[in-house]
Amino acid sequence: MNSLAHRLKAAMSKAGVTQTDIANAVGISQAAVQKLAAGKSKTSSKIKDIADYLGVNRIWLEFGEQEDLVVGEFDLWSGSDSSGDEVDVPFLKDTELAAGNGLEPNQDYNGFKLKFARSTLRRLGVEPSNAVCVSVKGDSMEPVLKDGSTVGVDKGRKSIVDGKMYAVSIRGLLKIKVLTQLSSSTVRVKSYNSAEYPDEDVDISEINVEGWVFWSASTY
């Protein structure tokens, strides 16, 4: 489901509601709902209320965000005394993935680690040896990722699956973006804050996928 309109209609069908039902529930006109369902409007100030009424995730409804992205809190620690049920994942705190215009990579690993349940990584198909955590800088991925968030990256999963979020290097700059492969030679790079950061079509030779983003968390 590549558009808000498709996801909205699917959610309406599953919930068994009409455009008028949604309009009455969230306080907008039926015409406004119709525009969303027809693809004439790309978002609405009532999108969260619509998602709540339909019983779906707001991020999925508006952006089609992957449902297997884990969002939660984290414990920052250093050391290597994790139990057999936990995995030590390196936290490259000084390497920032720009949710914006990109930053030069800085691989100064300072010994910090994050603690993950082994079962969580197993469920997501992430090999512990391929997992690494980095910080996010900028606002281009809001509201999904705020400035200062931390993400987990699976360095072993680099094949592009349309609509998934990846850590990427574009022309030598590290970024975190949603990718869609348009052709064998072109990749569309998408930000959630598309009003300020429009989609960019990039030649495949100018982009290097560092890994799939499987987890995110915010310190606030």
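**Strands 7, 8 and 9**

I began with V178 in strand 8 and looked up its bridge partner in strand 9, which turned out to be K190. I kept in mind from the start that this is a predicted model, and I then followed the pairing of strand 8 and strand 9 (residues 186-190), which is antiparallel and runs over 4 bridges. Between strand 8 and strand 9 there are 4 residues, and the two strands form a hairpin.

I next turned to the other partner of strand 8 (residues 173-181), which is strand 7 (residues 164-170), and I found 7 bridges joining the two in the antiparallel sense. At one place in this pairing I noted I170, which stands opposite L173 in strand 8. Strand 7 and strand 8 also form a hairpin, here with 2 residues between them, and R171 in that turn has a positive phi of about 55 degrees.

**The nonpolar core**

I then asked myself which residues have the most contacts inside the largest nonpolar core. They are F116, L179, I207 and F214, in a core that has 23 residues. When I looked up which elements give two or more residues to this core, I found helix 6 (118-124) together with strand 3 (86-98), strand 4 (112-117), strand 5 (131-137), strand 7, strand 9 and strand 11 (207-217). The largest share comes from strand 11, which gives 6 residues. I wrote beside this that, in soluble globular proteins, nonpolar side chains tend to be buried together.

**Helix pairs**

I looked at helix 1 (residues 4-15) and helix 3 (residues 30-37), and noted that they pack at an angle of about 115 degrees, with their axes 7 Å apart. Where they meet, helix 1 brings L4, A5, L8 and K9, while helix 3 brings V33, L36 and A37. Sorted by class, this contact has 6 nonpolar, no polar and 1 charged residues.

I then moved to helix 2 (residues 19-26) and helix 4 (residues 47-54), whose axes come within 10 Å and cross at roughly 120 degrees. The crossing of helix 2 with helix 4 is right-handed. From helix 2 I listed D21, I22, A25 and V26, which meet D49, I50, Y53 and L54 of helix 4. The classes in this contact are 6 nonpolar, no polar and 2 charged residues.

**Two glycines in loops**

I looked up G125, which I found in the loop between helix 6 and strand 5. G125 counts as partly exposed because its relative accessibility is 48%, and partly exposed residues lie between the limits of 20% and 50%. Apart from neighbours within four places in sequence, G125 is in contact with D154 and R157. I also checked G125 against G156, and although they are 31 residues apart in sequence, their C-alpha atoms are 10.0 Å apart in space.

The other glycine I looked up, G148, lies in the loop between strand 5 and strand 6 (150-154). With a relative accessible area of 31%, G148 is partly exposed as well. The C-alpha atoms of G148 and G138, which are 10 residues apart along the chain, are separated by 7.6 Å.

**The whole chain**

I ended with the protein chain as a whole, whose secondary structure comes to 6 helices and 11 strands. Of its 220 residues, 41% are buried. Among the contacts between residues at least 6 apart in sequence, 63% join residues at least 24 apart.

Technical notes:
Residues numbered from 1 in each chain as written. Predicted model: local features only at pLDDT ≥ 70, side-chain atom pairs only at ≥ 80, totals over all residues. Heavy atoms only, no water. Pairing = 2+ DSSP bridges. Core = buried A, V, L, I, M, F, W, Y, C linked by side-chain atoms within 4.5 Å. Buried < 20%, exposed > 50% of the residue type's maximum accessible area, 1.4 Å probe, protein only. Axes fitted to C-alpha atoms, helices over the stretch in contact; angles between N-to-C directions. Left-handed = near helix turned anticlockwise from the far one by under 90°. Contact = heavy atoms within 4.5 Å. Nonpolar A, V, L, I, M, F, W, Y, C, P; charged D, E, K, R; others polar.
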